[in-house]
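Here's a quick tour of one model, with a couple of buried spots and a pocket to look at. Have the viewer ready and follow along.

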Amino acid sequence: MFKPGRLVITCGANTVLANEGTGYIIPLFRHLSGDWGDVCKEDKEANNQAVKDGGRILSDYTTKKGTRIWIITEAADEAGVRSATTILLPEEY
């Protein structure tokens with residue numbers, strides 16, 4: 001696990017997840033636990049390295065109703081602190 005910084009959810013993602021009854025806790029826990037969801041092999045490897053070196057982390061999940069959501073944790077600053085983790089819809093990127 002890694003520290004996510006400030007947690008942010010976009011209006012679009014919040015609305016979709018609330019309407020589907022899905023919520024964001026399970027995808028967020030998966031993200032923080034190193035389960036990157038539906039990203040390609042190269043992105044999984046990049047995420048695993050980013051946990052170690054402080055780089056940006058992207059996870060891609062699909063809800064039970066077929067909606068894709070992304071969770072992005074920003075790269076760490078020079079002190080090793082990550083500023084924020086954002087939950088959003090891909091089209092909001």
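A contact here means heavy atoms within 4.5 Å. This is a predicted model, where local features need pLDDT of at least 70, side-chain atom pairs count only at pLDDT 80 or more, and totals for chains, interfaces and linings use all residues. Numbering runs from 1 along each chain as its sequence is written, and side-chain values use heavy atoms, with hydrogens and water left out.

Let's start with two residues. Helices (H or I, at least four residues) and strands (E, at least two) are DSSP runs, numbered from the N terminus. Buried means under 20% relative accessible area, with a 1.4 Å probe and protein chains only. The contacts below skip residues up to four places away in sequence.

| Residue | Element | Relative accessibility | Contacts |
|---|---|---|---|
| Glu20 | helix 1 (residues 11–20) | 16%, buried | Thr63, Lys65, Thr67 |
| Thr86 | strand 4 (residues 84–88) | 18%, buried | Val8, Thr10, Trp70, Ile71, Ile72 |

Glu20 also has a polar contact: its side chain and that of Thr63 are joined at 2.6 Å. For that term, take a pair of N or O atoms within 3.5 Å; within protein, one must be able to donate a hydrogen and the other to accept it, and residues adjacent in sequence count only if both atoms are side-chain atoms. As for Asp43, its C-alpha sits 27 Å from that of Glu20, with the two 23 residues apart in sequence.

Notes:
Buried means under 20% relative accessible area, exposed over 50%, partly exposed in between (1.4 Å probe, protein chains only).
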